[in-house]
Amino acid sequence: MTSGRTFDIAIVGAGIMGLAHAYAAAKRGWSVIVFDRSLRASGASIRNFGMVWPIGQPHGTMLELALRSRQIWQEVLECAKLPYRPDGSLHVVYRKDEAEVAKEFAEIAPALGYECQWLDRDGVLERTGAVREDGLLGGMFSPVELTVDPPRTIAALADFLTEQFHVVFRFGCAITHIDAPVVESADERWQASRVIVCSGADFETLFPATYAAAGLTRVKLQMMRTAPQARGWQLGPALAAGLTLRFYPAFETCKTLPALKRRISEETPEYDRWGIHGLVSQLSTGELTLGDSHEYGLAVDIFNKQEIDELMLRYIGGFLYAPDLSIAQRWYGVYAKHPEKPYLSIDPVPGVRIVTSPGGSGMTLSFAIGERTIGEFCR
Ligand SMILES: Cc1cc2nc3c(=O)[nH]c(=O)nc-3n(C[C@H](O)[C@H](O)[C@H](O)COP(=O)(O)OP(=O)(O)OC[C@H]3O[C@@H](n4cnc5c(N)ncnc54)[C@H](O)[C@@H]3O)c2cc1C
């Protein structure tokens, strides 16, 4: 076994959670090493919409974390000269009960810390040319949300951290054992004063008993991507629609929500069965990312379901207007989720902290979670 260098902080996992922790630690001047068992990050962090989405977070601490994360994202993206879309989000509505929820939320939201407004039909059409006009009642616009290009950004952030902060990355290196301060792969060993495990949906390799006791589960999401849209065609704000209003906890505060949920479950139970809602974002190269569905359980079905893709396309086709909706890529992603907590932060042994399962909000929350962990755990 070869002995490697000693670091202040060792991080397992080079997804967005690991990168965000590395950034927070390196900014404080600590020496940092990040391990990932893959040759390049290939987990949830490169499989998502790239939406930094404070509008979905419940008001209070989680919204504050999302807004802080967004601030750090902007700082990093500007510094690393990475493309992103600061175009906000638009929830478009075509049914009266959807409009009621969106209007109610837009009315109470500013007092809760959100920056969003109700737009009538014409207001929506001024904001975007990417939605269907027939039956459109209006929408809720928020200027806060950002979209990044997940695969490009995640890869580039590792380079940025290496170049600007001398963070050491070891890809293709699975960590098999941690006995703090010692961190081991199959054939190498390092030492670190603090070890942070951001291993995403891997619950079996490190501290399996701690993961088992924590009660985490996995969530599988099916996703699609179109070919690049015609040169110059812009989505504008990232899009969501009525089904999304029943999905994010932010909207739970609306008194009009139960009636909308009831109507959807009676009229289209297939959307509830597969946890489908319709989100659309755009890469800097023009492709549209479309999704998603939610299947819960520790055992993840390796096969995608054609039925789910068809339902998602039917729903998204009802509100999205884009020059080319032919599908060029299909994939699925898996994230870890805790049944109650917005994310898990737990010390299995002294000197080691597991930080995982920001659920469907890892791109939105990770930078602020990283800052928080480093502030508390690495004093
Ligand atoms: C389809 C999909 C769409 C989503 N859309 C959004 C969105 O638009 N906005 C948003 O905010 N969130 C979104 N999310 C959620 C977000 O992507 C996740 O919360 C986030 O990526 C989790 O990051 P992570 O670093 O914990 O996990 P991952 O990205 O999975 O990274 C974990 C890494 O740890 C490595 N690893 C594991 N074990 C070891 C080991 N023993 N040794 C070395 N390396 C190890 C793995 O190889 C992996 O690279 C989406 C998720 C999915 C799946």
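Phe-367 is buried, since its relative accessible area comes to just 2%; buried stands for under 20% relative accessible area, exposed for over 50%, and partly exposed for anything in between, with a 1.4 Å probe and protein chains only. Before going on, a word on the model: it is predicted, so local features need pLDDT of at least 70 and side-chain atom pairs count only at pLDDT 80 or more, while totals for chains, interfaces and linings use all residues. Residues are numbered from 1 along each chain as its sequence is written, and side-chain values use heavy atoms, with hydrogens and water left out.

**Aromatic rings**

Back to the rings. The structure holds 13 aromatic pairs. To pair, rings of Phe, Tyr and Trp (its six-membered ring) must have centres within 6.5 Å; planes under 30 degrees apart are called stacked, over 60 edge-to-face, and the rest tilted. In one pair, the ring centres of Tyr-23 and Phe-367 sit 5.9 Å apart with planes at 85°, so this one is edge-to-face. The two partners come from distant parts of the chain, with Tyr-23 in helix H1 and Phe-367 in helix H11, 344 residues apart. Helices here are DSSP runs of H or I with at least four residues, strands are runs of E with at least two, and both are numbered from the N terminus. Tyr-23 counts as buried too, because its relative accessibility is 6%.

Now for a stacked pair: Phe-169 and Phe-171 have ring centres 5.7 Å apart and planes at 10°, so they earn that label. Phe-169 is buried, at 16% relative accessible area, whereas Phe-171 counts as partly exposed at 31%. Which residues do ring pairs link into a cluster? They are Tyr-23, Trp-73, Phe-160, Phe-165 and Phe-367.

**Around the ligand**

There are 38 residues around the ligand, and the ones that come nearest are Asp-36, Ser-45, Met-51, Gly-359 and Thr-364. To belong to this shell, a residue needs a heavy atom within 4 Å of the ligand. By class, the shell is made up of 18 nonpolar, 16 polar and 4 charged residues. In this scheme Ala, Val, Leu, Ile, Met, Phe, Trp, Tyr, Cys and Pro are nonpolar, Asp, Glu, Lys and Arg are charged, and the others, Gly among them, are polar.

Several elements each bring at least two residues to the shell: helix H1 (16-27), strand S2 (32-36), strand S13 (217-226), strand S18 (327-337) and helix H11 (362-377).

Here are some polar contacts with the ligand, meaning pairs of N or O atoms within 3.5 Å:

| Residue | Protein atom | Ligand atom and distance |
|---|---|---|
| Ser-45 | polar side-chain atom | oxygen, 2.5 Å |
| Ile-175 | backbone N or O atom | nitrogen, 3.0 Å |
| Gly-362 | backbone N or O atom | oxygen, 3.1 Å |

On its own, the ligand has 1,000 Å² of accessible area, and the protein covers 96% of that. Such areas come from the Shrake-Rupley method with a 1.4 Å probe.

**Two buried polar residues**

Let's look at Ser-293, in the loop between strand S16 (288-291) and strand S17 (295-296). Its relative accessible area is 0%, so Ser-293 is buried. Its side chain reaches the backbone nitrogen of Gln-222 at 3.0 Å; within protein, a polar contact also needs one atom able to donate a hydrogen and the other able to accept it, and residues adjacent in sequence count only if both atoms are side-chain atoms. Leaving out residues up to four places away in sequence, Ser-293 touches Lys-220, Leu-221, Gln-222, Trp-274, Gly-275, Ile-276, Ile-308 and Met-312, where touching means heavy atoms within 4.5 Å.

Thr-244, in helix H7 (residues 242-245), also counts as buried because its relative accessibility is 0%. Beyond its neighbours within four places in sequence, Thr-244 has contacts including His-91, Phe-251 and His-277.

**Backbone oddities**

Most residues other than glycine have a negative phi, and most peptide bonds are trans. Where are the cis bonds? One runs from Ala-180 to Pro-181, with omega near 10°, and another joins Gly-291 and Asp-292, with omega about 0°. Pro-181 sits in the loop between strand S10 (177-179) and strand S11 (182-184), while Asp-292 lies in the loop between S16 and S17.

His-166 isn't a glycine, yet its phi is positive, about 60°. You'll find His-166 in the loop between helix H5 (150-165) and strand S9 (168-171), and its 63% relative accessibility makes it exposed. Phe-207, again not a glycine, has a positive phi of about 45°. Phe-207 belongs to the loop between strand S12 (188-197) and helix H6 (208-214), and at 17% relative accessibility it counts as buried.
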